[in-house]
Amino acid sequence: MIFQEPIEWPDEVEMLVDGLEVEMEERALSREERALMDIYETVPILESEDRLHEFWQSPIDHQRVIKSFDLIGAQGIVDPLNASRWCGTRSEDRGAYTETEADYLSTIEEDLPAGMDELVDLVLEFIEEELS
């Protein structure tokens with residue numbers, strides 16, 4: 001499995017997310033604001049040891065999160081997420097996958113680091129265009 005350095009969000013993103021966390025207690029977030037929160041909250045899952053398996057086993061709104069990544073143009077993450085949808089129907093234990101399933105998931109996950117590498121730039125561009 002390919003591991004990479006965790007994403008370090010720029011201060012601009014951290015401050016915006018902190019502000020949105022406070023605001024979401026008082027009002028509904030816009031679709032663009034919700035997309036930013038979805039991405040920010042999902043990145044640690046995608047950086048975990050079980051990556052895509054953990055994403056599909058988590059209680060998040062998977063379709064909304066995928067649409068959020070798509071909204072900012074993160075096709076390098078959307079494609080592996082869509083290709084791994086079948087993980088949502090599997091056991092909670094990644095070790096229970098057949099050898100074929102495990103190999104296929106590993107192949108899909110090989111594409112994930114490239115998508116993660118471009119994520120910060122895509123988020124900053126999205127913030128500039130949609131949330132400024």
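Is Val 17 buried or exposed? In this predicted model, Val 17 counts as buried, because its relative accessibility is 0%. The residue sits in helix H1, which spans residues 11–23. Setting aside residues up to four places away in sequence, Val 17 touches Leu 36, Met 37 and Tyr 40. One of these partners, Leu 36, also belongs to the set of H2 residues that meet helix H8. A longer view along the chain takes the reader from Val 17 to Glu 99: the two are 82 residues apart in sequence, and their C-alpha atoms lie 40 Å apart in space.

Helix H2 is a good place to continue. Two packed helices are described by the angle between their axes and the distance between the axes. For H2 (residues 31–46) and H8 (residues 119–131), the axes come within 11 Å and cross at roughly 165 degrees. The pair is therefore roughly antiparallel, and H2 passes H8 in a left-handed crossing. On the H2 side, the contact involves Glu 32, Glu 33, Ala 35, Leu 36, Ile 39 and Val 43; on the H8 side, it involves Leu 119, Val 123, Phe 126, Ile 127, Glu 130 and Leu 131. Sorted by class, the residues of this contact are nine nonpolar and three charged, with no polar ones.

How does the meeting of H2 with H4 look, and at what angle do their axes cross? Here the axes come within 8 Å and cross at roughly 105 degrees, which means that H2 is roughly perpendicular to H4. From H2, the residues taking part are Arg 31, Glu 32, Arg 34, Ala 35, Asp 38, Ile 39, Thr 42 and Leu 46, and from H4 they are Arg 64, Val 65, Lys 67, Ser 68, Phe 69 and Leu 71. This contact divides into six nonpolar, two polar and six charged residues. Glu 32, Ala 35 and Ile 39 appear in the contact of H2 with H4, and these three residues also appear in the contact of H2 with H8.

Leu 71, in helix H4, helps to link these pictures. With a relative accessibility of 40%, Leu 71 counts as partly exposed. Apart from neighbours within four places in sequence, Leu 71 is in contact with Arg 31, Glu 32, Ala 35 and Phe 126. Phe 126 is 55 residues away from Leu 71 along the chain, yet their C-alpha atoms are separated by 8.7 Å. Phe 126 is also among the H8 residues that meet H2.

Elsewhere in H4, which covers residues 62–71, lies His 62. His 62 counts as buried because its relative accessibility is 17%, under the 20% cut-off. Leaving out residues up to four places away in sequence, His 62 touches Phe 55 and Trp 56.

H4 also packs against H5, at an angle of about 155 degrees and with the axes 8 Å apart. H4 is therefore roughly antiparallel to H5, and the crossing is left-handed. Ile 66, Phe 69 and Asp 70 of H4 make this contact with Gln 75, Ile 77, Val 78, Leu 81 and Asn 82 of H5. The classes here are five nonpolar, two polar and one charged. Within H5, the residues Ile 77, Val 78, Pro 80 and Leu 81 are buried. The cover over the buried residues of H5 includes H2, H3, H4, H6, H7 and H8.

Which residues of helix H6 are buried? In H6 (residues 99–109), they are Glu 101, Leu 105, Ile 108 and Glu 109. Viewed down the helix axis, these buried residues fall within an arc of 95 degrees, so they line one face of H6. Glu 99 and Thr 100, on the other side of H6, are exposed. Helices H3 (51–57), H5 (75–83) and H7 (112–117) are among the elements that cover the buried residues of H6.

A final point concerns the backbone of Arg 51, a residue of helix H3. Most residues other than glycine have a negative phi. Arg 51, although not a glycine, has a positive phi of about 30 degrees. With a relative accessible area of 2%, Arg 51 is buried.

Key
Residues numbered from 1 in each chain as written. Predicted model: local features only at pLDDT ≥ 70, side-chain atom pairs only at ≥ 80, totals over all residues. Heavy atoms only, no water. Axes fitted to C-alpha atoms, helices over the stretch in contact; angles between N-to-C directions. Helix = DSSP H or I, 4+ residues; strand = E, 2+ residues; numbered from the N terminus. Parallel < 35°, antiparallel > 145°, perpendicular 65-115°, else oblique. Left-handed = near helix turned anticlockwise from the far one by under 90°. Contact = heavy atoms within 4.5 Å. Nonpolar A, V, L, I, M, F, W, Y, C, P; charged D, E, K, R; others polar. Buried < 20%, exposed > 50% of the residue type's maximum accessible area, 1.4 Å probe, protein only. Arc of directions from axis to C-beta.
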